[in-house]
Amino acid sequence: TRSTRPQRMLKAVQKNATRGDPLSVISAIDRFCRHSEWAMNVGDEKGTILDSVVSEVNPAMALELGTYCGYSTVRIARLLPPGARLVTLEFNGDYAAIARQVIEWAGLEDMVQLVEGASGDWIPRMKEHFGVKTFDFIFLDHWKDRYLPDIKLLEECGLLRKGTVVLADNVICPGTPDYLEYIRNSPSYESNYFRSHLEYTKAEDGLEKSVYVG
Ligand SMILES: CNc1ncnc2c1ncn2[C@@H]1O[C@H](/C=C/CNC(=O)c2cc(-c3ccc(F)cc3)cc(O)c2O)[C@H](F)[C@H]1O
Ligand SMILES: [Mg+2]
């Protein structure tokens, strides 16, 4: 049977990227998505904004919701300080299997804990199951109608601290209107919009960076 797009993306990584070289994995995926088949990775343009926020926060404990094929997982994990950890949640087993191999090809498996499961089930278990106190950095890139319920769940589970940075992809395209309305009007967050473009296209999109102030 015909291969899937994530499988073809992984093949492109194994063919064009060097084992243990995260930058070559990132550029192999970007080349594949620009010249062969579009895919919903955060991409290179929004990726540089993601990089600058991760570098500024320098998180010891990071969370990603929506691993997909692991592109942003690699972008984040490559910038983490030694001993830091990135927990990434993905509930589609096929995507998780691809992402695991992409993360391994980049040589970042020691920094990343890929959890195959739903954010709604696992966020309440972060403390007792993963020994997480609070997250320093959170990247939201899963179903767009789940950003709002999940940020509220993260608050309720005491997983945010004063200064936690939440970065949300796709706040314009496909858009996360209820999340934006909440986070921009909540006294508990200081929010800024970073205007960019939908990955590999000229359409507008952007990232919303929100700092939890407690
Ligand atoms: C709900 N809890 C979840 N827990 C664990 N994994 C999850 C959960 N929910 C989803 N997943 C997992 O997270 C991923 C979901 C990513 C969704 N992303 C997008 O839809 C998305 C869409 C576009 C887009 C823009 C324009 C256009 F014309 C077509 C597409 C661009 C983007 O950058 C996106 O991120 C994965 F697929 C799913 O299994
Ligand atoms: Mg996205």
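In this predicted model, helix H1 covers residues 5-16, and its twelve residues should span 16 Å at 1.5 Å a residue; the end C-alpha atoms lie 16 Å apart, which agrees with that expectation. The buried residues of H1 are Pro 6, Arg 8, Met 9, Leu 10, Ala 12 and Val 13. These residues pack against helix H2 (22-35) and helix H5 (93-105). In an α-helix there are 3.6 residues a turn, so residues three or four places apart point the same way.

Helix H2 also agrees with its expected span: for its 14 residues, 1.5 Å a residue gives 20 Å, and the end C-alpha atoms are 20 Å apart. Its buried residues are Pro 22, Ser 24, Val 25, Ile 26, Ala 28, Ile 29, Asp 30, Phe 32 and Cys 33. The partners against which the buried residues of H2 pack are H1, helix H3 (43-57), H4 and H5.

Within helix H5 lies Ala 96, a buried residue with a relative accessible area of 0%. When neighbours within four places in sequence are left aside, Ala 96 is in contact with Glu 90, Leu 114 and Glu 116. Between Ala 96 and Gly 70 the C-alpha to C-alpha distance is 8.2 Å, although the two are 26 residues apart in sequence.

In helix H8, the buried residues are Tyr 147, Leu 148, Asp 150, Ile 151, Leu 153 and Leu 154. Their cover includes strand E1 (61-65), H6, E4, E5, helix H10 (177-185) and strand E6 (189-197). Just after H8, Gly 158 adopts a positive phi of about 65 degrees.

The magnesium ion (ligand 2) is coordinated at 2.0 to 2.2 Å by Asp 141 (OD), Asp 169 (OD) and Asn 170 (OD1). Along the chain, the donors follow the spacing D-x27-D-N. Asp 141 belongs to the loop between strand E4 (137-140) and helix H8 (147-156), whereas Asn 170 belongs to the loop between strand E5 (165-168) and H9; the pair therefore ties together parts that are 29 residues apart in sequence. Asp 141 has a relative accessibility of 13% and therefore counts as buried, the cut-off being under 20%. Asn 170 is likewise buried, with a relative accessible area of 3%.

The largest pocket holds about 460 Å³ of space. Its lining is formed by 30 residues, and those nearest its centre are Gly 66, Glu 90, Asp 141, His 142 and Trp 143. Two or more lining residues come from each of helix H4 (71-77), strand E2 (85-90), helix H6 (119-122) and helix H9 (171-175). By class, the lining comprises 14 nonpolar, ten polar and six charged residues. Asp 141 thus appears both among the residues nearest the pocket centre and among the donors of the magnesium ion.

Several backbone features remain to be described. Most residues other than glycine have a negative phi, and most peptide bonds are trans. Tyr 68, which is not a glycine, has a positive phi near 55 degrees. This residue is found in the loop between E1 and H4 and is buried, with a relative accessible area of 11%. The metal donor Asn 170 also has a positive phi, of about 65 degrees, although it is not a glycine. In addition, a cis peptide bond with omega of about 5 degrees joins Cys 173 and Pro 174, and Pro 174 lies in helix H9.

Note on methods:
Residues numbered from 1 in each chain as written. Chains lettered and ligands numbered in written order. Predicted model: local features only at pLDDT ≥ 70, side-chain atom pairs only at ≥ 80, totals over all residues. Heavy atoms only, no water. 1 Å grid on protein atoms, 1.4 Å probe; cavity = no way out; pocket = protein on both sides within 12 Å on 5 of 7 lines; lining within 4 Å. Points joined across faces, edges and corners; volume = space filled by probe spheres on them. Helix = DSSP H or I, 4+ residues; strand = E, 2+ residues; numbered from the N terminus. Nonpolar A, V, L, I, M, F, W, Y, C, P; charged D, E, K, R; others polar. Donors = N, O, S within 2.8 Å, 3.2 Å for Na, K, Ca; no water. Buried < 20%, exposed > 50% of the residue type's maximum accessible area, 1.4 Å probe, protein only. Expected span 1.5 Å × (residues − 1). Contact = heavy atoms within 4.5 Å.
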